Amino acid sequence: MILQALVDYYEQLVDEHPGRIAQVGWCSRQVVFLLELSPEGALVDAIPSNEKRGWTMMVPEQVKRTVGIAANLLCDNATYLLGIDAKGKPERARQCFNAARDRHLSFLEVVDSPAASAIRSFFETWNPEAALEHEVVDRAGEALLAGGNLVFRVAGANALDDPAIRSAWQESYGKPSDDEAVMTCLVSGRKGPIARLHPAIKGVIGAQAMGASLVGFNARAFESYGHDEEQGLNAPVSEYATFAYTTALNYLLAERKHHLRLGDTTVVYWADKNDDACVDIMADWLNPQTGGGSEGGGSDPDEAIDAVMKKLVNGLPIGEVDLEANFYVLGLAPNAARLSVRFFRRDTFGAMLDNLRRHYDRLDIVHAPYEKKHLTPYRLLAETENPNAKQPAATSQLGGALLRSILGDLPYPEALFEQTILRVRASQDNDERHTRKVTRGRAAIVKAYLIRNRNRSEKEATVALNEERSDAPYVLGRLFSVLESIQEAANPSLNATIKNKYYDSASATPSVIFPVVINLSDKHLAKLARDSKGLSVHYEKMRGELLDKLDAFPKRLSLEEQGDFILGYHHQNQKRYEKNEPVNESQEA
């Protein structure tokens, strides 16, 4: 299913945007030098790229190298094309050059063009033992030996652009050789030559820099009966399908708006219709730093999301997007030299947007005016991280599970809620990255979790303060916020409050802590009364109203009840910052 969807996407790109992606038999590579040949095949110059990463060129599909020697056609490094020993292994360098010479002479033997003739002559006359003494190699210096790709140029023209060479390569690519197996492809259902090794996938965070395999068999335990050490024949995928799916996946991983990172999971997404328009919107919703505000009329991610939400709810068209288009989301994670599939989801684009809308509605909670309205999955994940860990995001497997829940409108991972409670309890006010225990993001996670996983109504788990709620955990959270407000009003210069010392215990074992903090608040109110009688009366009335809602202080609160405590605390805190909050008269003076 995954490979088939990627092959279809490759063919879609070829039809709609042929210049964006490599054609069958070709691949995109960075080239750092042009080897200029005379018509007689003599090396006359080595022209370096002025660009930092080199030129991007379409070159013949390259082999997948392991520890053996395998030469690429018309694009390779100096060891293969010039026989230069850059690693202290002269015998291996000679073998690499011989492999490249044999492949080029065999391929170009039937190609009739000046460029093909010059390259043949080069390989027939070049002496790899004297390569380092050649004036062109000496002039190019160490940059030529650094391992980058080299290509040939003849009479001022790139040999890869020669029509005769291109035609010969296209004709030869895909034809089964005598030693290739022809079987039924599991992806297309058609017979054809089967790929034994699949090209590497590059761009997955945490995977090897040289790339990793999505399909591979490297041990007897993974092989089928009768296919010992036959690698790709254990799951036959044709060379065409292999090229198509790997090219499409590498394209998605290279295109910034087509992927994002969540924890240790790299997520790619695409649509089978109006891909550009769909991905622009999805990038706004999932990864706003890459979004273009396609429906928001600007660069503000909140505006872009709100604009689409409004149209979605009212059944209005959303630009050029076809809401019935199939949308695919694939989560990949590194696993040594291979890739693990965290999740794969296919649904209509409209259904995924609607699931995202529900998710953002559940997250909606009162917040400061300067804070962004919508919390992206990345920001939610950041709320669960330990800021003191060396790599808090890279080791988290929660990202894939979270996005799978959001896009499928499934219950949130229990670990999301548990980690949020843990971070609230573990955070300190002097943390560099998290300066508050109960952040807006953590309160939003709690609210969304209670609605989706614990079937709370949105009238119960509200956006802002719900003064009608009388359940003990919520009221206790509100009460703790009021007690903290009393302390701050009585002692404006305090750097620490009861939250620093008592919050964790108050949210877990209220019967032990609340009598203590209420006794402290009596002293704070007495001090406040001397400075501002009106403010003292106001706070005493608030405290009394909340205490009247409680029959007794519970001995302990469960994790779910601690979530209600967080909501009550956050709602009451935000209420404190409204303009109608009474002001300390001593501070006015």
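**Entry 1: Val 110**

I looked up Val 110 in this predicted model and found it in the loop between α3 (90–108) and α4 (114–125). I noted Val 110 as exposed, because its relative accessibility is 71% and the cut-off for that class is over 50%. I then took its separation from Ala 164: the two residues are 54 apart in sequence, and their C-alpha atoms are 9.9 Å apart in space.

**Entry 2: positive phi values**

Most residues other than glycine have a negative phi. I therefore recorded two exceptions to this general pattern.

Leu 74 has a positive phi of about 65° and is not a glycine. I placed Leu 74 in the loop between β3 (55–60) and β4 (75–76). Its relative accessibility is 3%, so I entered Leu 74 as buried.

Asn 274, also not a glycine, has a positive phi near 45°. I found Asn 274 in the loop between β10 and α8 (275–286). At 32% relative accessibility, Asn 274 went down as partly exposed.

**Entry 3: aromatic pairs**

How many aromatic pairs does the structure hold? I recorded 23. I examined two of them in detail.

For Tyr 9 and Trp 270, the ring centres are 5.8 Å apart and the planes stand at 40°, so I classed the pair as tilted. Tyr 9 belongs to helix α1 (residues 2–16) and Trp 270 to strand β10 (residues 265–271); the pair therefore ties together parts that are 261 residues apart in sequence. I checked accessibility for both partners: Tyr 9 is buried at 1%, and Trp 270 is buried with a relative accessible area of 1%.

I next took Tyr 328 and Phe 344, whose ring centres lie 6.2 Å apart with planes at 20°, so this pair is stacked. Here Tyr 328 is in strand β11 (residues 326–335) and Phe 344 in strand β12 (residues 338–348), so the parts tied together are 16 residues apart in sequence. Are these partners buried or partly exposed? I found Tyr 328 buried at 8% relative accessibility, whereas Phe 344 is partly exposed at 24%.

I also traced a cluster in which ring pairs link Phe 480, Tyr 503, Phe 514, Phe 553, Phe 565 and Tyr 569.

**Entry 4: a charge over a ring**

I looked for the position of Arg 166 relative to Trp 26. The charged end of Arg 166 sits over the ring of Trp 26, at 4.2 Å from the ring centre.

**Entry 5: helix packing**

Two packed helices are described by the angle between their axes and the distance between the axes. I recorded both values for two helix pairs.

Helix α9 (residues 301–314) packs against helix α10 (residues 349–363) at an angle of about 115°, and their axes are 11 Å apart. I therefore entered α9 as roughly perpendicular to α10. The crossing of α9 past α10 is left-handed. Which residues meet? From α9 I listed Ile 305, Val 308, Met 309, Leu 312 and Val 313, which meet Leu 353, Asp 354, Arg 357 and Tyr 360 of α10.

Helix α13 (residues 414–426) and helix α14 (residues 440–453) pack at about 145°, with axes 10 Å apart. I noted a left-handed crossing where α13 passes α14. On the α13 side, the contact is made by Glu 414, Leu 416, Phe 417, Thr 420, Arg 423 and Val 424. On the α14 side, I listed Arg 442, Ile 445, Val 446, Tyr 449 and Asn 453.

How values were computed: Residues numbered from 1 in each chain as written. Predicted model: local features only at pLDDT ≥ 70, side-chain atom pairs only at ≥ 80, totals over all residues. Heavy atoms only, no water. Phe/Tyr/Trp six-rings, centres within 6.5 Å; stacked < 30°, edge-to-face > 60°. Helix = DSSP H or I, 4+ residues; strand = E, 2+ residues; numbered from the N terminus. Buried < 20%, exposed > 50% of the residue type's maximum accessible area, 1.4 Å probe, protein only. Lys NZ or Arg CZ within 6 Å of the ring centre and 35° of its normal. Axes fitted to C-alpha atoms, helices over the stretch in contact; angles between N-to-C directions. Parallel < 35°, antiparallel > 145°, perpendicular 65-115°, else oblique. Left-handed = near helix turned anticlockwise from the far one by under 90°. Contact = heavy atoms within 4.5 Å.
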